[in-house]
Amino acid sequence: MLKEFKEFLMRGNVVDLAVAVIIGAAFKAIVDSLVKDIFEPIIAMVFKADSIAGVSVQIGSATLGVGAFAAAIINFVIVGFVLFMVVKGMNTVQGLAKSGKEEAKEVAPEPKAEDYLREIRDLLANK
């Protein structure tokens, strides 16, 4: 059972998934820093607040804290855009690889009936 578990963990898909999760976590830290250290101060400055957490909108007697929500939306848009670009790039690379294989298949000539007959003759001669 331990051997099977080790084989399961060492399969390519599991290792690739683990690498993707680690890279994703590191990327999340970069995006969080970008939003917190760059975008939040700009938004706070536009609304003349000390921090984005202090950005709020007063509607009647209700106060809506929109700062944290805006930061979450910015995080989502940045991560979504980067994932879109990664998937688009992978599709392009896979498309190029697939078209290269199709071209290679087209280049190889199809065997003719004479070729098959020669192979049969040679096999019979070797018996």
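Is Asp32 buried, partly exposed or exposed, and what is its relative accessibility? In this predicted model, Asp32 has a relative accessibility of 27% and therefore counts as partly exposed, since that class lies between the cut-offs of 20% and 50%. The side chain of Asp32 meets that of Lys28 in a salt bridge, with an N to O distance of 2.7 Å. Both residues belong to helix H2 and are four positions apart, so that about one helical turn separates Lys28 from Asp32.

Confidence in the prediction was examined along the chain. The mean pLDDT of the protein chain is 82, and 92% of its residues reach 70 or more. Among the elements of the chain, the lowest mean pLDDT, 79, belongs to H1, whereas the highest, 86, belongs to strand E2, which spans residues 62-65.

The salt bridges come to a count of three. Besides the pair in helix H2, one of them joins Arg118 to Asp115, with the closest N and O atoms 3.0 Å apart. These two residues lie three positions apart in helix H4, which covers residues 113-126, and so are separated by about one helical turn. Arg118 is partly exposed, with a relative accessible area of 43%, and Asp115 is likewise classed as partly exposed, at 30%. A further salt bridge is formed between the side chains of Arg121 and Asp122, at 3.4 Å from N to O. Asp122 has a relative accessible area of 37% and is therefore partly exposed. In general, side chains of opposite charge can pair when their charged atoms come close.

Nonpolar residues were considered next, beginning with the interior. The largest nonpolar core consists of seven residues, namely Val31, Val35, Ile43, Ile52, Val55, Ala71 and Ile78. The elements contributing two or more residues to this core are H2 and helix H3, the latter running from residue 67 to residue 107. H2 supplies the largest share, with three residues. Helix H2 thus holds the salt bridge between Lys28 and Asp32 and also contributes to the core.

On the surface, a nonpolar patch of about 790 Å² is made by Leu2, Phe5, Phe8, Leu9, Met10, Val15, Val19 and Ile23. Two elements, helix H1 (2-10) and helix H2 (12-46), each give two or more residues to the patch. The greatest contribution is that of H1, with five residues. Val15, one of the patch residues, lies in helix H2. The relative accessibility of Val15 is 35%, which places this residue in the partly exposed class. Because patch residues must have over 30% relative accessible area, the value of 35% for Val15 satisfies that cut-off.

The record was then compared with the model. An unreviewed UniProt entry carries the annotation "transmembrane region" for residues 12-31 and for residues 64-87. Over residues 64-87, the modelled chain is 88% helix and 8% strand. The C-alpha atoms at the two ends of this stretch are 36 Å apart.

Definitions and conventions:
Residues numbered from 1 in each chain as written. Predicted model: local features only at pLDDT ≥ 70, side-chain atom pairs only at ≥ 80, totals over all residues. Heavy atoms only, no water. Patch = residues over 30% accessible without salt bridge, like charges linked within 9 Å, V, L, I, M, F, W, Y side chains within 5 Å. Areas by Shrake-Rupley, 256 points an atom, 1.4 Å probe, with all protein chains shown as cover. Salt bridge = Lys/Arg side-chain N within 4 Å of Asp/Glu carboxyl O. Buried < 20%, exposed > 50% of the residue type's maximum accessible area, 1.4 Å probe, protein only. UniProt positions renumbered as here; feature names shortened; annotations may be inferred. pLDDT = per-residue confidence, 0-100. Core = buried A, V, L, I, M, F, W, Y, C linked by side-chain atoms within 4.5 Å.
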